Each structure stands twice: as structure tokens, then as C-alpha cells.
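Dear colleague,

I am passing on a structure that may be new to you, and my notes on its packing follow below. Please read them with the model open beside you.

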Amino acid sequence: MPKKLILLVEDNPDDEFLTRDALRTGGVAHDVVAVHDGAEAVEWIFAGFGAIPSHRNPDLILLDLKLPKMSGFDVLARIRSDARTRELPVVILSSSSEHQDIRRSYTTGANSYVRKPVNFSEFVRAVQALGVYWLTVNET
């Protein structure tokens with residue numbers, strides 16, 4: 001079975017490291033590509049449609065909301081507005097527990113919203129559960 005590809009859109013290097021580590025120990029074969037701002041995410045996602053022959057489309061996008069250059073909401077809206085990308089699974093992985101952020105994420109088209117736990121072990125468990133569900137259990 002080929003490795004799944006996760007696009008991690010995260011501007012915080014510590015959260016990127018923790019997410020990669022949690023996914024690595026989660027038991028699901030995968031590759032992770034990380035981008036660090038919203039504009040870079042959109043460029044990476046849409047480069048895959050004809051511009052770069054070896055480019056793979058992600059099997060899962062983990063998207064932070066508070067990003068430089070372009071917010072996670074704007075990235076999500078851009079993904080959902082294009083027929084080529086609107087069905088890509090997008091999970092919001094954010095530290096925000098604001099009801100308005102959660103609601104806006106879903107109305108913009110997020111498949112799931114996961115608040116980043118502050119506690120390290122809870123964070124690892126949450127990210128591992130995401131990996132297992134979206135890369136092995138969920139059918140795309």
C-alpha cells in the first residue's frame with residue numbers, strides 16, 4: 001500500500017515538530033509536506049494540477065487558522081471554490097476554541113475541527129487519532 005501524503009499548513013515550528021512526531025509514532029505509513037503560510041499552501045496545492053508532473057495531491061490537509069500572508073479560512077475557501085480540490089479532506093488543527101472560528105470553519109467547508117490540546121500527551125493522542133481515522137478508516 002503506497003504511503004499517504006499529508007499537507008501540514010502550520011507556521012509554528014514547535015507545533016510542526018510535535019505534529020510530525022505524533023504522526024510518525026501513530027503507526028500509519030505517510031509522508032508529510034509542511035508549508036508555513038497560507039499563500040505557500042495555496043501555491044503548493046494548486047501546483048499539483050498540471051504544473052509539476054511528479055506532484056501528488058494530498059490525501060489529507062491539516063490546516064491551522066492563524067497563518068501569515070493568508071488566513072486558514074481563506075485557504076479553505078480557495079480549496080472549496082475549485083472543482084479540482086473541493087473534495088480534498090481538510091481538518092482544521094487550531095489552538096482556537098472560539099465558537100465563531102469553529103462555526104466559520106464548518107460553513108467554509110472543513111471536514112473536521114480539532115482544537116490543539118495544550119497538554120503534550122493529549123496533543124499526541126489527538127494527532128495520532130486524526131492520522132489513523134483520515135488515512136486508514138475514512139474512505140475517499
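A crossing of two helices is called left-handed if the near helix is turned anticlockwise from the far one by less than a right angle, and right-handed if clockwise; helices here are DSSP runs of H or I with at least four residues, strands are E runs of at least two, and both are numbered from the N terminus. By that convention, α3 and α4 cross in a right-handed way.

This is a predicted model, in which local features need pLDDT of at least 70 and side-chain atom pairs count only at pLDDT 80 or more, while totals for chains, interfaces and linings use all residues. Residues are numbered from 1 along each chain as its sequence is written, and side-chain values use heavy atoms, with hydrogens and water left out.

The contact (heavy atoms within 4.5 Å) between these two helices is made by F73, D74, L76, A77 and R80 of α3 and by D101, R104, S105 and T108 of α4.

The largest nonpolar core (buried Ala, Val, Leu, Ile, Met, Phe, Trp, Tyr and Cys residues joined through side-chain atoms within 4.5 Å, where buried means under 20% relative accessible area with a 1.4 Å probe, protein chains only) has 22 residues, of which L7, V9, I45, I61, L63, V90 and I92 touch the most other members. At least two residues of this core come from each of β1 (4-9), α2 (38-47), β3 (60-63), α3 (72-80) and β4 (90-94), and α2 gives the largest share, 5 residues. A second, separate core of 18 residues includes L23, A34, V124 and W134.

With regards

Conventions: Buried means under 20% relative accessible area, exposed over 50%, partly exposed in between (1.4 Å probe, protein chains only).
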